[in-house]
Structures are given as structure tokens and as C-alpha cells.
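Student: Could you take me closely through a single part of this protein, the paired strands, and then show what surrounds that part? I would like the criteria behind each term spelled out as you go.

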Amino acid sequence: MRKAPAMSDCCCHTGADVPTYRCEKYGIEMCDACLRCKDPELYCKFRSACMVQFLEKERSDEQRQKSEEG
Ligand SMILES: [Zn+2]
């Protein structure tokens, strides 16, 4: 097994060298483009402090506001 790199390394883009957010539940890093909870329906004890969930929600709120503003 390769040791986890110190630099950010997206779970879907190996070697992408981009800022990533950590999913504590699965112990994986996700870049901005891949930012999505793997199991949004499932209970997650990290959710209240999860950046993945937070940014995903923030993004959908933004989209909703935009469409409401029309
Ligand atoms: Zn990615």
C-alpha cells in the first residue's frame, strides 16, 4: 500500500494536487468538483461538522436563491 500523500489528493483524481475536503466517515479526500456525500441518506456521526455536507448544502442553497431571484 502506498502511503497517503501529504499533499491533497482527491479520491477521484489521483495526483490532481488540488485543495480537498475530507470525508471523515470514509476517510477520503474530495476536490471541489467531486464534493458530494457518498451516503447522504445514511446516518453519519460526522455530519454536523462535515465540510462536504456543509459546502454541498451551501451550494444548493445558492442555486435555489438564484432560481428564486429569477
Ligand atoms: Zn476530484
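Tutor: What follows starts with the ground rules, turns to the hairpin, and then moves outward from it. This is a predicted model, in which local features need pLDDT of at least 70 and side-chain atom pairs count only at pLDDT 80 or more, while totals for chains, interfaces and linings use all residues. Residues are numbered from 1 along each chain as its sequence is written.

The secondary structure comes to 1 helix and 2 strands, and read along the sequence it follows the pattern β-β-α. Here helices (H or I, at least four residues) and strands (E, at least two) are DSSP runs, numbered from the N terminus.

The part you ask about consists of strand S1, residues 20-23, and strand S2, residues 28-31, which run antiparallel and are joined by 4 bridges; two strands count as paired if DSSP finds at least two bridges between them. Thr-20 stands opposite Cys-31 in S2, and the bridge partner of Tyr-21 in S2 is Met-30. The two strands form a hairpin with 4 residues between them, and Gly-27 in that turn has a positive phi of about 65 degrees.

Tyr-21 leads from the hairpin to the rest of the chain. Leaving aside neighbours within four places in sequence, Tyr-21 is in contact with Glu-29, Met-30, Leu-35, Met-51, Val-52 and Leu-55, where contact requires that the C-beta atoms, placed from the backbone, lie within 7 Å. Tyr-21 and Met-30 also belong to the largest nonpolar core, which has 5 residues in all and is completed by Cys-10, Cys-23 and Val-52. Such a core is a set of buried Ala, Val, Leu, Ile, Met, Phe, Trp, Tyr and Cys residues joined through C-beta atoms within 7 Å. A residue is buried if 20 or more other C-beta atoms lie within 10 Å of its own, exposed if 12 or fewer, and partly exposed in between, with the C-beta atoms placed from the backbone. By that criterion, buried residues make up 10% of the 70 residues in the protein.

On the N-terminal side, His-13 is found in the segment before S1. His-13 has 16 other C-beta atoms within 10 Å and is therefore partly exposed. Not counting residues up to four places away in sequence, His-13 touches Val-18 and Cys-31, and its C-alpha atom is separated by 9.8 Å from that of Ala-33, 20 residues apart along the chain.

Beyond the hairpin, Phe-46 has its place in the loop between S2 and H1. Phe-46 is likewise partly exposed, because 14 other C-beta atoms lie within 10 Å. With residues up to four places away in sequence set aside, Phe-46 touches Glu-24 and Lys-25; Lys-25 is 21 residues away in sequence but 6.7 Å away in space, C-alpha to C-alpha.

The chain then enters helix H1, residues 51-69, whose 19 residues reach 27 Å from first C-alpha to last, close to the 27 Å expected at 1.5 Å a residue; the expected span is 1.5 Å times one less than the number of residues. Of the 19 residues of H1, the number buried is 1, so the helix lies largely in the open. Lys-57 lies in this helix and counts as exposed, because it has 12 C-beta neighbours inside 10 Å. Just after H1, Gly-70 takes a positive phi of about 65 degrees.

Note on methods:
Contact = placed C-beta atoms within 7 Å.
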